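Please look through the sequence and the structure below before reading on. The report that follows moves from the sheets to the overall form, and then to a helix and a patch on the surface.

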Amino acid sequence: MRIRIALVLSLLSMGAALNAQVPVPHVTDSAAVVRVHVLHDTLPLVSVLVRAGTASSSTQSNGVATLRLPGGAHQLIASRLGFTPETVTVVLRASADTTLTIQLDPQAAGLDDIVVTATRSERRIEDTPLRVEVLAREEIEEKMLMTPGDISMMLNETGGLRVQSTSPSLGGASVRVQGLRGRYTLMLSDGLPLYGGQTGALGLLQIPPMDLAQVEIIKGVASALYGSAALGGVVDLVTRRPSVEGERELLLNQTTRNGTDAVLWSSGQLDAQWGYTLLGSAHRQQRTDVDNDGWTDMPGYERAVLRPRLFWSGENGQSALFTVGTTVEDRRGGTIGARTAPNGAPYAEELDTRRVDLGSVARVPFGSGILSARTSVTGQWHDHQFGSVRERDRHETLFGEISLSTAHGAGTSVFGVAIQHDGYVATDVSRFDYRYTTPALFAQFDLDATSRMSLSASGRLDVHSKYGASFNPRISALIRSGDGWTTRLSIGTGTFAPTPLTEETEATGLTPLRSLGALTVERALGASADVGGTIGAFEMNGTLFASRIRDALAVRVPAGDANALELVNADEPTTTAGADMLLRHRRGNFATTATYTFIRSREEAPDGRTSRTVPLTPRHAAGVTAVWEAEGQGRVGLEFYYTGAQALEDNPFLSESKRYALFGAIAERRVGRARLFVNLENLGDVRLSSYQPFVRPTRGEGGRWTTDAWAPLDGRVINGGVRLEF
């Protein structure tokens, strides 16, 4: 820990030294007094930092900041968190006082000026030392037409991310970031853990994308920002804000596999300060046995989602968001019709989910900075049936955080405290009950050291009620070249507190799992190097990444009991290294994007003596999409995705998967207030059953009847519908 603290302190000292080397203008008695009025609309803004070189001042209650500057030309920069910075140039005469006015507008995430919030400092994406990948609204809309009921396809078709099936009988899945297992990925909504500390196998499948403005993705170890749940990365879903004119939109969708979606979105202003948004949706899928083997390939479900939000904005930069949401879903899988499992008996797998959450985000000016508060409460109830075995449980997550962000000279600092409580009550397997409380302290410092270099240092101290204290730092640097190219370097550590909820137990349930022994915290070290820039109309980005996890949690079959499972800390570390690349070209109404990901991931083999490739991690994955879009008319798109061979585990048919490629097409046409769309997915009809049976001849580890779904189960699917604006 001393080494980590020293590392952060040394960076802060280096940043201070770089800042101190900037020459200070010599101010004489003939200096001019500059009074800067900063307004939003016609109202004065307080706590706006106005700086010229190294001279700076903050606006007071009247919205005025005062500086003394020597004669000559000066560039004045006015900035405050939550507003787009404004730069003006003024020429001063010696001893001649000057007054000027600057207007600031609220910061908005546009295509050319995207502001990211996942790094806490709320900076433009091009100014953030830590690489954050952003899916803009136009990309979300395209994927929404493919799967209106969930965000799984949107994430799966993002470079470096892979949505992996964890419980094939019910269609559950988790998102793996840069090859790391799905339990390490933290899902947030506006910075709140509304889906729980661990999202679970169905979290991705229960979030309609209609109300998303953008999605911010931090790849790799991010515990320094968000604690142990973010060891593998962060996916923050940023919601749409109310429209002044008001918006109402209804989407209706039908698939050739008997799936139906209806999603309603509405937003508007209640008065000058209050606005609202409302998302309501209903989804239904009929149970389908695609390959006629007597087993459900597409589980049946009925789901309803309701989420109203209230937004408030004050006259002096205050703002608040209040949200409440509920999800109700019933899923059915297993044997279908009169068919039976290989042992001659019917086998039903069912899961009923009930979730309720409350959350709030508030921001107020405080001195020369912004005070932010986030709170949320989430409760989830599951009733899971594995054949004749019933498992009921309750998850609870309580979260609170207060932070202060301040801008000072060329730097921005964030200091905060947080506390999170995670509880799990397993009614039928009570030996796995837990209640963990984790208070935390965190800090972050961003420094624009020079015009071409920005630095960021962050650190977080978590004190887990069972596994004790852990401190995780992260250091990032952004270096700009003279020709517009940028390089980002980052290194950080992370921790993950063990729970019985893993990808394996999502599929088998907890009944086969032995009581947890003396497990220890998983500890990770991750680093990345990123280079990006443009050549003409081409945008390019490449990332090298690597991570090492010590004491990684592993699921083993204990000796002498083939029907049981146990959790252990592996003696050998899990290592992951690779690269992901992106190439984007825009010309007129055409946009083409190509991605490629290479991952090499190794972990301790079940025998405890050798290593193996991490199962279900393709070494090569690539994708190409081409879209023509005309504003107000429509769009046409084509897509191609390639998935390389994957190592398989406990599969009686194959030890390594086959390579496969998926092709698709989408078209949308506006007709008045309606937009008609059709999507053709997996035109080649690639299915797991084309390569191997889905159902095992005998039960596998933990009593599973099915193999892992390393390829699609549903095959070719066509969906279409209409979006109505009214």
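Two strands are said to pair if DSSP finds at least two bridges between them, and strands (E, at least two residues), like helices (H or I, at least four residues), are DSSP runs that are numbered from the N terminus. This is a predicted model, in which local features need pLDDT of at least 70 and side-chain atom pairs count only at pLDDT 80 or more, while totals for chains, interfaces and linings use all residues. Residues are numbered from 1 along each chain as its sequence is written, and side-chain values use heavy atoms, with hydrogens and water left out.

**Sheets and strand pairs**

The protein chain holds five helices and 41 strands. Strands of a sheet pair through backbone hydrogen bonds, either parallel or antiparallel.

One open sheet has four strands in the order β4-β3-β6-β7, with antiparallel pairing. Because β4 (55-58) and β7 (86-92) each have a single partner strand, they stand at the edges, and one side of each is left without a neighbour in the sheet. From one strand to the next, the twist averages 20°, where axes are lines fitted to C-alpha atoms (for helices over the stretch in contact) and angles run from 0 to 180 degrees between N-to-C directions. Within this order, β3 and β6 pair in the antiparallel sense, and R51 stands opposite I77 in β6.

Another open sheet of four strands follows the order β11-β15-β16-β14, and its pairing is mixed. Here β11 (133-135) and β14 (185-189) stand at the edges, each with a single partner strand, so one side of each has no neighbour in the sheet. The twist in this sheet averages 15° from one strand to the next. Strands β15 and β16 run antiparallel, with I217 opposite V235 in β16.

Strand β17 pairs in the antiparallel sense with β18 and also with β41. Together β17 and β18 form a hairpin with three residues between them, and N258 in the turn has a positive phi of about 60°. Along β17, E247 stands opposite S267 in β18, whereas Q254 stands opposite G720 in β41.

The table lists antiparallel pairs with their bridges.

| Strand | Partner strand | Bridges |
|---|---|---|
| β3 (residues 49-52) | β6 (residues 72-79) | three bridges |
| β15 (residues 212-219) | β16 (residues 233-239) | seven bridges |
| β17 (residues 247-255) | β18 (residues 259-269) | eight bridges |
| β17 | β41 (residues 717-725) | seven bridges |

**Overall form and burial**

Along its principal axes, the C-alpha trace of the protein chain spans about 95 × 65 × 45 Å. The radius of gyration is taken over C-alpha atoms, and the globule rule is 2.2 Å times the number of residues to the power 0.38. For 726 residues a compact globule would have a value near 27 Å, and the protein chain, at 27 Å, agrees with this.

Buried means under 20% relative accessible area, exposed over 50%, and partly exposed in between (1.4 Å probe, protein chains only). In the protein chain, 55% of the 726 residues are buried. Helix α2 (residues 137-144) is mostly covered, with six of its eight residues buried, among them R137, I140 and M144.

**A patch on the surface**

Which residues form a nonpolar patch on the surface? They are V324, L358, V377 and L398, which together have about 300 Å² of accessible area. L398 lies in strand β24 (residues 389-408), and because its relative accessibility is 39%, L398 counts as partly exposed. Patches are made of residues with over 30% relative accessible area and no salt bridge, where like charges are joined within 9 Å and nonpolar side chains (Val, Leu, Ile, Met, Phe, Trp, Tyr) within 5 Å. A salt bridge is a side-chain nitrogen of Lys or Arg within 4 Å of a carboxyl oxygen of Asp or Glu. Accessible areas come from the Shrake-Rupley method with a 1.4 Å probe, and for residues only the protein chains shown count as cover.
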